[in-house]
Amino acid sequence: MPVVVDIDVMMARRKMSVGELAERIGITPTNLAVLKNGRAKAVRFTTLDALCEVLDCQPGDLLRWEAEEPADA
């Protein structure tokens, strides 16, 4: 998938654990792990807003797009 999730990068910069971040943004650690590992199908804007507030960052610090490599013919 060309959308890359960098939540773990921001968590490391803030020295914050999954459990602490999940508690502060109001979701379960399991759901945060699904989001953090790029397995989520969608992200609520309220969750993105909470992540940005707690991690003191912009949405672009958490999500980025990378072009997919073309398949060889």
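Me: Where is Lys15 placed in this structure?

Reply: In this predicted model, Lys15 is in the loop between helix 1 and helix 2.

Me: What makes Lys15 count as exposed?

Reply: Exposed takes a relative accessible area over 50%. Lys15 has 75%, so it is exposed.

Me: And what is the phi of Lys15?

Reply: Phi of Lys15 is near 50 degrees, a positive value in a residue other than glycine. For background, most residues other than glycine have a negative phi.

Me: Which loop holds Asp56, and why is Asp56 called exposed?

Reply: Asp56 sits in the loop between helix 4 and helix 5 (59-62). The cut-off for exposed is over 50%, and Asp56 comes in at 62% relative accessibility, so it counts as exposed. Its phi is also positive, near 50 degrees, and Asp56 is not a glycine.

Me: OK, on to helix 3. Which of its residues are buried?

Reply: Leu32, Leu35 and Lys36 are the buried ones in helix 3 (residues 29-36). Buried means under 20% relative accessible area.

Me: How do you know that the buried residues line one face of helix 3?

Reply: Look down the axis of helix 3: the buried residues fall within an arc of 95 degrees, so they line one face. They pack against strand 1 (3-5), helix 1 (7-13), helix 2 (18-25) and helix 4 (45-55).

Me: What phi does Gly38 take, just after helix 3?

Reply: Gly38 has a positive phi of about 75 degrees.

Me: Now the helix pair. Why is helix 2 called oblique to helix 4?

Reply: Helix 2 and helix 4 pack at an angle of about 120 degrees, with axes 9 Å apart. Roughly perpendicular covers 65 to 115 degrees and roughly antiparallel needs over 145. The angle of about 120 degrees fits neither range, so helix 2 is oblique to helix 4. As for handedness, the crossing is right-handed.

Me: Which residues meet there?

Reply: From helix 2, Leu21, Arg24 and Ile25 meet Thr47, Ala50, Leu51, Val54 and Leu55 of helix 4. By class, that contact has six nonpolar residues, one polar and one charged.

Me: One last residue: what makes Arg13 exposed?

Reply: Arg13 is in helix 1. Its relative accessible area is 57% and exposed means over 50%, so Arg13 is exposed.

Me: How many residues apart in sequence are Arg13 and Leu55?

Reply: They are 42 residues apart in sequence, and 9.0 Å apart in space, C-alpha to C-alpha.

Definitions and conventions. Residues numbered from 1 in each chain as written. Predicted model: local features only at pLDDT ≥ 70, side-chain atom pairs only at ≥ 80, totals over all residues. Heavy atoms only, no water. Buried < 20%, exposed > 50% of the residue type's maximum accessible area, 1.4 Å probe, protein only. Helix = DSSP H or I, 4+ residues; strand = E, 2+ residues; numbered from the N terminus. Arc of directions from axis to C-beta. Contact = heavy atoms within 4.5 Å. Axes fitted to C-alpha atoms, helices over the stretch in contact; angles between N-to-C directions. Parallel < 35°, antiparallel > 145°, perpendicular 65-115°, else oblique. Left-handed = near helix turned anticlockwise from the far one by under 90°. Nonpolar A, V, L, I, M, F, W, Y, C, P; charged D, E, K, R; others polar.
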